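Colleague: Could you give me a close look at chain B of this model, and then place it against its surroundings? I'd like the strands, the helices and the packing in one go.

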Amino acid sequence: MGRSMLDLWVGIFVVAGMAALVILAFKVGNMSNFGGGDTYEINANFDNIGGLKPRAPIKSAGVVVGRVKSITFNNERFTAKVTMAVESAYKFPKDTTASILTAGLLGEQYIGLEGGGDDKMLNSGDSIRLTQSAVVLEKLISQFLFDKAAEGGTEKK
Amino acid sequence: MLAKPGHPGSLVALTISFRIRTLFQATNCVVSSEILIEIKDVNFAYGRRPILTGINMIIPRGKVVALMGISGSGKTTLLRLIGGVMKPTSGEIWVDGECTSALDQEGIYRLRRRMGMLFQFGALFTDLSVFDNVAFQMREHVDLPESMIRDLVMMKLHAVGLRGAHKLMPAELSGGMARRVALARAIALDPMIMMYDEPFTGLDPISLGVIANLVRQLNDTLGTTSLVVTHDVQEALDVVDYVYYLSDGKMMAHGTPDEIRANKDPLVHQFVYGEAEGPVEYQYPSGEYAAELKLGKRREASPPGGRHAA
Amino acid sequence: MPHRSLPTVRSIGAKAIDNVLRLGYATRFIGLTLAHSGTSFARPGLIVRELYYTGVLSMIIILVSGLFVGMVLGLQGYQTLTTYGSESALGVLVALSLVRELGPVVSALLFASRAGSAMTAEIGLMKATEQLSAMEMMAVDPIARVVAPRFWAGVISMPLLAAMFSAMGVFGGYIVGVVLIGVDEGSFWSQMQSAVDIREDIVNGVIKSFVFGIAITWISLFEGYDAPPTAEGVSGATTRTVVTSSLAVLALDFILTSFMFSGA
């Protein structure tokens, strides 16, 4: 086999391999519809994030507008600080509410944003004031039991 | 290029290429010393098993020297020691004024570029064509334009009579042709010393004669020195200047071919004339034959070797 | 009788020591290969030549097996998913199983038996026919000239082959699922795209195949270089290459998977 034939075949091989990687990235993966665009970061403090994980979706009215970038523990306020990367195309007012929701009964957790009526918009680095923590089943149950017990106590008196 | 690849006088072409080579290699220092390789009191052992003991040897510049001995006598090991593949356990090996055991890897490689070696079965690179095999060292070590490499390779191949076979792959060559291509490859950089490891093994009589003559002719035209390790006595005695006879890791005899032929030592005599009976034992050290065949227990069945079965 | 079992114990001990020695030699060997890789990068032609033998010649088997594995995944996945009424998730199932596991692992196993065994046999034969010694005598380092280019060619081709396998597999799943069975094309792709993450899935898959490539070429080259210079020696080494590198791929896959996908 001649030198140039060999080079040609190796060239075809490398191009095919690269093409396969590109196909995986764009057609199979989600690089084309998200990840490449510009984002800005906003923070939110939650008392409890439940099972939220980094890269979980951020949805508003059911549309994915961003992803959770990182989750850290704020040791001064004993809360979880969640940094969200929201696509630059979407703007939210200052009094937006962030809540941790669950897709379906047992599905993955995501952050839902609900816009308020403020004229001023959130900028990069701003924090959302109004947050609603994840619903934790154990807390719900104990709350329920505590309330029942409290009711019982007052009746006896 | 002075000589075209198709020049009829192949050895003339070789001499020219040798001159070209000396122009390129200013480092090819011309030492006036008559002795090219000197081996002084060399011992070598694999672990505790001694292979060579007390070897002394001198190879003069420009001569063809044969190193003979039966299989397993340590000939190839000695060749490897000269090539610097292994270091002697004790003693010194001087090649062209340099002591091999004192050289680092770099120095050994520098020395080896001036050595050519023909391996037992040629050891051609099976994934390269004949042309690329011969050109291998030129491409690895010398930065020459491709056209000049082509001319040089053709000259080397012409010298061994295989210029027409340059496009073939090693698998397409006969044993004798492969040996000749390997020879062309070994002389590619016009080495100062040529070493042949059993160059005649497994060749038909014609190829054998061709190789034997090539060894002599190349030595004289290229002005190199040759060391031939062999046990093909008659062919070797016809072409060499001096013979060393190695037996069981010791240097038993040395002399000119005529002296060796006339040597009275029974070992040497048996070897030179290829006699079956002699001091070299045919039997590998074994236990008693009768005991091996369990003849002692079956004595009543009148064993054929009855005298052993006592 | 305690003295009867002694030889067995002794031979087990000897084997263990032998294997540790071999491992040490193999480590030194890969170190030497890396240290002598300069020649390969100074002369890329050497690597390109080996890329042909390791990469191009493995391409057909990789593409065909990828297609079939993808088609089987499509068929089986559909059977299972349809019982839960969620056949629209077929794309996710096919893509995730290929990109995360099957692509890197199956293509590595194929690569070990196709290219790895060839590498071992070639180097073993070069050693048996004294080609490596000849090279050494010509002042050319066989590690730099023969081993290192093959190593880098193997390391480069493995991720490319794995990517081809996965892409081909997704295509196979698409053919069976969408074209033949009739799963909705839109949900096939969109569910796949929202579930497959670039960093978590695709990049991790590429890292896996890269690691497998290193392991397979290392084992293949070492077995060839260390093979006894006889016909049986080389054939034994070739078999060992396939067995050892397949086991290494599966073990490494477990380790890498537990590192990569357990946290998320």
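Modeller: What follows starts with chain B on its own and then moves out to its neighbours. Keep in mind that this is a predicted model, so every value here is computed from predicted coordinates.

Let's begin with the overall make-up. Chain B contains 11 helices and 10 strands. Of its 310 residues, 37% are buried. If you take the contacts in chain B between residues at least 6 apart in sequence, 64% of them link residues at least 24 apart.

Now the sheet. In chain B, 4 strands make an open sheet, ordered E2-E1-E4-E5, with antiparallel pairing. At its edges sit strand E2 (49-60) and strand E5 (98-99) of chain B, each of them pairing on one side only. Further in, strand E1 (residues 35-46) of chain B pairs with strand E4 (residues 90-95) of chain B, antiparallel, over 5 bridges. If you want one pair to click on, Lys40(B) has Glu92(B) in E4(B) as its bridge partner. As a reminder, strands of a sheet pair through backbone hydrogen bonds, either parallel or antiparallel.

The parallel sense turns up in chain B too. E6(B) pairs with strand E7 (residues 193-197) of chain B in that parallel sense, over 4 bridges. Across that pairing, Met117(B) stands opposite Met195(B) in E7(B). What covers E6(B): one face, or both? Both faces are covered, with Met115(B) and Met117(B) buried on one side and Gly116(B) and Leu118(B) buried on the other. In a regular strand the side chains alternate between the two faces of the sheet.

Helix H2 (residues 75-82) of chain B makes a good contrast to look at next. Its buried residues are Lys75(B), Leu78(B), Leu79(B), Leu81(B) and Ile82(B). They span an arc of only 160° around the axis, so they sit on the same side of H2(B). The textbook background is that an α-helix has 3.6 residues a turn, so residues three or four places apart point the same way. After H2(B) comes Gly84(B), with a positive phi near 75°.

On to the packing. The largest nonpolar core has 155 residues, and the members touching the most others are Leu67(B), Val181(B) and Val228(B). The biggest contribution to this core comes from helix H6 (residues 142-181) of chain C, which gives 21 residues. Zooming in on Val181(B), and leaving out residues up to four places away in sequence, you'll find it touching Gly122(B), Leu124(B), Val130(B), Asn133(B), Val134(B), Val160(B), Leu162(B) and Leu173(B). Apart from the largest core there is another one of 22 residues, including Ala56(A), Val68(A), Ala80(A) and Val86(A).

Next, where chain B meets chain C. That contact takes 14 residues from chain B and 10 residues from chain C. On the chain B side, the elements giving two or more residues are helix H3 (105-112), strand E6 (115-118) and helix H4 (130-141). H4(B) supplies the largest share of that side, 3 residues. By type, the chain B side divides into 8 nonpolar, 3 polar and 3 charged residues.

For comparison, glance over at chain A. It has 2 helices and 8 strands, in the pattern α-β-β-β-β-β-β-β-β-α along the sequence. Buried residues account for 22% of its 157 residues. Chain A is split into domain 1 (1-33) and domain 2 (39-142), and the C-alpha centres of those two domains lie 40 Å apart. Chain A touches chain C as well, with 21 residues from chain A and 24 residues from chain C in the contact; the chain A side there comprises 13 nonpolar, 5 polar and 3 charged residues.

Two backbone spots in chain A are worth a click. Ala61(A) isn't a glycine, yet its phi is positive, about 55°. You'll find Ala61(A) in the loop between strand E2 (57-60) and strand E3 (63-74) of chain A, and it counts as exposed because it has 9 C-beta neighbours inside 10 Å. Phe78(A) likewise has a positive phi, near 55°, and belongs to the loop between E3 and strand E4 (79-87) of chain A. With 9 C-beta neighbours inside 10 Å, Phe78(A) also counts as exposed.

Terms used: Residues are numbered from 1 along each chain as its sequence is written. Chains are lettered from A and ligands numbered from 1 in the order in which they are written. This is a predicted model: local features need pLDDT of at least 70, side-chain atom pairs count only at pLDDT 80 or more; totals for chains, interfaces and linings use all residues. Two strands pair if DSSP finds at least two bridges between them. Two residues are in contact if their C-beta atoms, placed from the backbone, lie within 7 Å. Ala, Val, Leu, Ile, Met, Phe, Trp, Tyr, Cys and Pro count as nonpolar, Asp, Glu, Lys and Arg as charged, and the others, Gly among them, as polar. A residue is buried if 20 or more other C-beta atoms lie within 10 Å of its own, exposed if 12 or fewer, and partly exposed in between; C-beta atoms are placed from the backbone. Domain bounds come from an automatic or database domain assignment. The arc is that of the directions from the helix axis to the C-beta atoms. A nonpolar core is a set of buried Ala, Val, Leu, Ile, Met, Phe, Trp, Tyr and Cys residues joined through C-beta atoms within 7 Å.
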